[in-house]
Amino acid sequence: MDQLLAIRAFARVVEAGNFTRAADSLDMPNATLSKLVQELETHLGIRLLQRTTRRVTVTPEGRDYYEKAMRIVRDLEDIDSACNAESGTPRGYLRIDVGGSTARDVLIPLLPDFVARYPEIRLDLGVSDRAVDLISDSVDCVIRGGPLSDSSLVARHLGNAEMITCAAARYLKTYGIPAYPQELKNGHRLVSYQSSQTGRAFPFRFAQGSETIEIKTEHRIGINESNAHLAAAVAGLGIIQTFRYAAAQDLKSGVLVEILADWRPARYPFHVVYPQNRHLTQRLRLFIEWLREVFPSRLNG
C-alpha cells in the first residue's frame with residue numbers, strides 16, 4: 001500500500017462527503033479510491049468511514065486520524081513549497097472558481113501575464129455564477145463579488161467594480177429613456193439577475209449623494225448567469241444593472257446605452273477567498289499576490 005496516497009484518498013472522501021466527488025477531484029476511478037481507503041483501514045485496524053447506499057460519514061476514530069494525518073500532509077507540502085521556492089520554479093495545480101462575466105472580461109484577459117511569470121503552475125478554472133463549497137468541491141480559491149457572510153473563510157480585497165444601469169438602444173427607442181429610478185415602475189421591462197442559490201431576484205439599487213433608492217418590481221425575465229443576463233439586454237429584452245466592465249464593448253459600439261447615470265449604484269466589492277484552515281501553498285500565495293496587483297485596474301472596465 002502507498003500509505004501517503006491512501007491518506008490523501010481518505011482525506012478527499014472526508015472533505016468531499018462521498019466517494020464519487022472525491023474520486024473525480026483526484027482524477028482516479030471510484031473503485032481505486034475505495035480500495036485505497038479499505039487498505040488504509042486494514043493497515044490501521046480501525047473503521048475510518050461508515051458507508052451506506054446514500055451517504056458516507058466519518059467515524060470518531062476517522063475524524064481523529066484525519067486531523068493528525070493532515071498535519072503530516074501539510075508539513076510535507078511545506079517542505080515541497082520550500083524546495084520549489086529554492087529552485088525558483090513554483091509548480092503544481094491551482095483550482096480556481098470565478099463568475100461568468102468576471103472570467104470573460106477580467107480574469108482571462110489578464111492570465112497571459114500570470115502564465116508567462118509562472119509557466120509551471122497549471123490552472124483549472126471553474127466558471128459559474130453558483131456558489132461553490134471550497135472544501136467539498138476541492139477548490140483552492142474563489143473570486144467573487146458582493147458581501148461576505150462566511151466567517152470561516154479568508155478574504156483578500158481585490159477592488160471595487162462600477163455598476164451601471166443600461167439597455168439596448170432599440171429597447172429605449174421603443175419604451176423611452178427613464179429620467180428617474182421610479183419611472184422603471186411605469187411600463188418598463190426589467191431583466192433581473194437572480195441568485196443561483198436562492199432563485200431570488202436582486203433588486204435594482206440606485207444612489208445619488210446620500211439618497212438611496214431600491215426598486216423591487218416584478219421583472220419580465222430573471223436570469224442567474226451573468227453572461228446570459230447581459231445577452232438579454234443586448235437582445236432588447238429590457239433594462240439591466242450590470243458591471244461596467246461586462247458591458248464595456250457593447251457600450252462602445254452603441255448596442256447598449258447607459259441610463260440613469262446620475263443614479264449609479266454603489267461600487268461592488270470583489271474578493272479572492274480561500275478556507276481558513278487550508279494550507280496556503282506557494283503557488284496559491286503567488287496567485288493571490290498577482291491578483292491583488294493586476295485585478296483592480298481591470299475592474300474599472
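User: In this predicted model, which residues of helix 1 are buried?
Analyst: Helix 1 covers residues 3-16. Helix 1 is mostly covered, with 10 of its 14 residues buried. The buried residues are Ala6, Ile7, Ala9, Phe10, Ala11, Arg12, Val13, Val14, Glu15 and Ala16.

User: How far does helix 1 reach from its first C-alpha to its last?
Analyst: Helix 1 has 14 residues. At 1.5 Å a residue, 20 Å is expected. The model comes close to that, with a reach of 20 Å.

User: Which residue caps the N-terminal end of helix 1?
Analyst: Look at the backbone nitrogen of Leu4. A side-chain oxygen lies 3.3 Å from that nitrogen. The oxygen belongs to the capping residue, Asp2.

User: What phi does Gly17 take?
Analyst: Gly17 comes just after helix 1. Its phi is positive, at about 90°.

User: How far apart are the end C-alpha atoms of helix 5?
Analyst: Helix 5 runs over residues 100-117, which makes 18 residues. At 1.5 Å a residue, the helix should span 26 Å. The model agrees with that, as the end C-alpha atoms are 25 Å apart.

User: Where does helix 5 bend?
Analyst: The bend is about 45°. A proline, Pro109, follows within four residues of the bend. Among the buried residues of helix 5 is the one at the bend, Leu107.

User: What is the strand order in the open sheet of 3 strands?
Analyst: The pairing is antiparallel. The edge strands are strand 12 (240-243) and strand 13 (256-259), and each pairs on one side only. Neighbouring strands are turned by 50° against each other on average, direction ignored. The order is 12-7-13.

User: Which residue in strand 12 stands opposite Cys166?
Analyst: Strand 7 (residues 163-168) runs antiparallel to strand 12, and 4 bridges join them. Cys166 has its opposite residue in strand 12, namely Ile240.

User: At about what angle does helix 8 run to strand 12?
Analyst: Helix 8 takes in residues 244-253. It lies across strand 7, strand 12 and strand 13. Its angle to strand 12 is about 105°.

User: Is Ala168 buried or exposed?
Analyst: Ala168 is found in strand 7. Leaving out residues up to four places away in sequence, Ala168 touches Ala233, Val234, Gly236, Val255 and Leu256. Its relative accessibility is 1%, so Ala168 counts as buried.

User: How far apart in space are Ala168 and Val234?
Analyst: In sequence, Ala168 and Val234 are 66 residues apart. Ala168 touches Val234. C-alpha to C-alpha, the two are apart by 5.4 Å.

Notes:
Residues are numbered from 1 along each chain as its sequence is written. This is a predicted model: local features need pLDDT of at least 70, side-chain atom pairs count only at pLDDT 80 or more; totals for chains, interfaces and linings use all residues. Side-chain values use heavy atoms; hydrogens and water are left out. Two strands pair if DSSP finds at least two bridges between them. Helices (H or I, at least four residues) and strands (E, at least two) are DSSP runs, numbered from the N terminus. Axes are lines fitted to C-alpha atoms, for helices over the stretch in contact, and angles run from 0 to 180 degrees between N-to-C directions. Contact means heavy atoms within 4.5 Å. The expected span of a helix is 1.5 Å times one less than its number of residues. Buried means under 20% relative accessible area, exposed over 50%, partly exposed in between (1.4 Å probe, protein chains only). A polar contact is a pair of N or O atoms within 3.5 Å; within protein, one must be able to donate a hydrogen and the other to accept it, and residues adjacent in sequence count only if both atoms are side-chain atoms. The bend at a residue is the angle between axes fitted to the seven residues ending there and the seven starting there.
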